[in-house]
Amino acid sequence: MSYLSSQVASPLVYAGLLATMTYQGITQGYDNVSIKPPSFQTSSNSIFLNPLNVLENTIIDYFETKSEHGWDGYDAIPVTETSKKIALQIISNLPRNIQNPDIIPSAGGGYSIEWFAEQKILSIEIEDLEMSWSFVDAINKRKQSGYEKTFSGKFPNSISELLIKEFAA
């Protein structure tokens, strides 16, 4: 029995893996197909991708693919190892049960980690050891921001509280 057939999965998960298997089979021959299953969390009647692993993989992928000067077609600095480590540390310290953020490489060699809900946005900018963040609530006309020249590794309570209050899943 295969890994997938021993789990309960949605049709979309099966469709995505089938498409991957079919593509690999056509391009490499079925004898050479090896699929490493993605990280799954299971309950008695459902299966879903582990969102933390997806976010970590996004950060690592950007580090690997945005490694040359000018990766954006202009003068972008390569994403740095330090920025990658800080971004991974931030992701691993996020409160649970919040929306998944968008993660985008920045032209300054770092990352933007952003949450959106209604007319609210929380953005964390990382470039090497520097971390800045801003929150805007357009409906209630509120804004907050912060900056750390040398990120200590301790996730700011003010950001955790905003995430839990404003961006709950």
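**Helix α3 and the β5–β6–β7 strands**

Helix α3 spans residues 81–92, and its 12 residues reach 17 Å from the first C-alpha to the last, close to the 16 Å expected at 1.5 Å a residue. The model is a predicted one. Within α3, the buried residues are Ser 83, Lys 84, Ile 86, Ala 87, Ile 90 and Ile 91. These residues lie on the same side of α3, because they cover an arc of only 170° around the axis.

Attention now turns to the strands, with β6 as a convenient starting point. In a regular strand, side chains alternate between the two faces of the sheet. Strand β6 (residues 130–137) shows such an alternation. Met 131, Trp 133, Phe 135 and Asp 137 point to one face and are buried, while Glu 130, Ser 132, Ser 134 and Val 136 point to the other face and are not buried.

Strand β6 pairs with strand β5 (residues 120–127) in the antiparallel sense, over eight bridges. In this pairing, Ser 132 of β6 is the bridge partner of Glu 125. The hairpin of β5 and β6 has two residues between the strands, and Asp 128 takes a positive phi near 55° there.

Strand β6 also pairs with strand β7 (residues 142–148), again in the antiparallel sense, over seven bridges. Here Trp 133, one of the buried residues of β6, has Gly 146 in β7 as its bridge partner. Four residues separate the strands in the hairpin of β6 and β7, where Lys 141 takes a positive phi near 50°.

Methods: Residues numbered from 1 in each chain as written. Predicted model: local features only at pLDDT ≥ 70, side-chain atom pairs only at ≥ 80, totals over all residues. Heavy atoms only, no water. Expected span 1.5 Å × (residues − 1). Buried < 20%, exposed > 50% of the residue type's maximum accessible area, 1.4 Å probe, protein only. Arc of directions from axis to C-beta. Pairing = 2+ DSSP bridges.
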